[in-house]
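Subject: Structure handover

Hi,

Here is the structure for you to load. My notes on it follow below.

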Amino acid sequence: MRVGVKPGQWGWRFDELTASWQAAEEAGFDIVSCFDHVSAAPAGLAAWNATSLLVAMAGVTERIALAVDVLNASLRHPFLLAGQLAVAQAASGGRVEVGLGAGSHHLARFDHQALGRPFPPLAERRARLARCCQIFPVLWRGEEVTDAELGLDAASLGPLGIEPPPIFVGGTSAETMAIAVHYADGWNAVVQDGERYGELSAQIDALCRKHGRERPPRKAAQVFLRDVELAAIRRLVDGLEAAGAEAVTFVLVEQRGPEAVHELARAVL
């Protein structure tokens, strides 16, 4: 079972983030993660671009996997996003894990508003998510992609010489989980307990059987630390593993800075 931590990053100072990423590696975590929200709205908090953070994380760590859970596939032009992720993969020596999602109404709409971009209906966002899962590995391999719906015309990143990073699709709807089964290397869900995760994991397995996928996607979970007691956290990890999770990442929001990372490590590692 791989255990990770997601420090912030909305509202955190950059020095807090840097120290927390380094603390995660020092403490022995397997994964350090960030999320995707580029606007200060609606709470007026400091916002940090996720793809840039991955490159910054690569520069201050050596071993730990670097994840983003999850990028809104509709916010950025897919060719530029694929290129930004390729830089992070190269800078980290191949340690990036790419989480992609359809963009939540809760925060993603503010990002679209800030950029003057329409926030498409959910069905359109899911369709774009599915296409990005398909074309990103092709672009990372240096091949050309033409896709009128995504605005790509013989687009190529060239012979980058990188290993395409694994793609995890985040979400718990049947439609989004089907995208993970069809097109992704892994699947990620936010949960609070192993029982709920077990139900979702069983749905993934059923979708694999239905669509003929022999090996299920890699299964990962995210848990907000504010929703659990530190004293019970080891039992929670064991329950998630029993339910099929191969990795769990704990999200820090109110708990901030490197000491919070070390405190979590003492409880879970």
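The disulfide count comes to zero, where a disulfide is a pair of cysteine sulfur atoms within 2.5 Å. Take C132 and C133. The sulfur of C132 has its closest cysteine sulfur in C133, 7.2 Å away, so the gap is too far for a bond. For C133 the closest cysteine sulfur is in turn that of C132, again at 7.2 Å and too far. C132 is buried at 0% relative accessibility, and C133 is buried at 2%. Buried here means under 20% relative accessible area, exposed means over 50%, and partly exposed is in between, with a 1.4 Å probe and protein chains only.

Before you go further, some ground rules. This is a predicted model, in which local features need pLDDT of at least 70 and side-chain atom pairs count only at pLDDT 80 or more, while totals for chains, interfaces and linings use all residues. Residues are numbered from 1 along each chain as its sequence is written, and side-chain values use heavy atoms, with hydrogens and water left out. Helices (H or I, at least four residues) and strands (E, at least two) are DSSP runs, numbered from the N terminus.

Strands around β3

Strand β3 covers residues 65-72. Seven of its eight residues are buried. Strand β2 (residues 31-34) pairs with β3 in the parallel sense, over four bridges. Two strands pair if DSSP finds at least two bridges between them. One bridge sets I31 against A65 in β3. Between β2 and β3 the chain passes through helix α2 (residues 50-60), and this β-α-β crossover is right-handed. The test for that: with the strands pointing away from the viewer, the path from the first strand over the helix to the second runs clockwise.

β3 also pairs with strand β4 (residues 96-101), again parallel, over five bridges. V68 stands opposite V98 in β4. Helix α3 (residues 78-91) completes a right-handed β-α-β unit with β3 and β4.

Strands around β9

Strand β9 spans residues 218-224, and five of its seven residues are buried. Strand β8 (residues 186-190) runs parallel to β9, joined by five bridges. G186 is opposite R218 in β9. Helix α7 (residues 194-211) links in here: β8, α7 and β9 form a right-handed β-α-β unit.

Strand β10 (residues 247-252) is joined to β9 by five bridges and runs parallel to it. A221 has V248 in β10 as its bridge partner. β9, helix α8 (residues 233-242) and β10 make a right-handed β-α-β unit.

Helix α8

Which residues of α8 are buried? They are I233, L236, V237 and L240. Seen down the axis of α8, these buried residues fall within an arc of 100°, so they line one face of the helix. The arc is that of the directions from the helix axis to the C-beta atoms. An α-helix has 3.6 residues a turn, so residues three or four places apart point the same way. The buried residues of α8 pack against α7, β9, β10 and α9 (258-268). Contact means heavy atoms within 4.5 Å. On the other side of α8, R235 and A242 are exposed. Just after α8, G244 takes a positive phi of about 115°.

Two residues to look at

S201 sits in helix α7. S201 is buried, with a relative accessible area of 3%. The side chains of S201 and K219 share a polar contact of 2.7 Å. A polar contact is a pair of N or O atoms within 3.5 Å; within protein, one must be able to donate a hydrogen and the other to accept it, and residues adjacent in sequence count only if both atoms are side-chain atoms. Leaving aside neighbours within four places in sequence, S201 is in contact with W187, K219, A243 and G244.

V138 belongs to helix α5 (residues 122-140). V138 is buried too, with a relative accessible area of 18%. Setting aside neighbours within four places in sequence, V138 is in contact with E143, E144 and V145. The C-alpha atoms of V138 and G194 are separated by 35 Å, and the two residues are 56 apart along the chain.

Best regards
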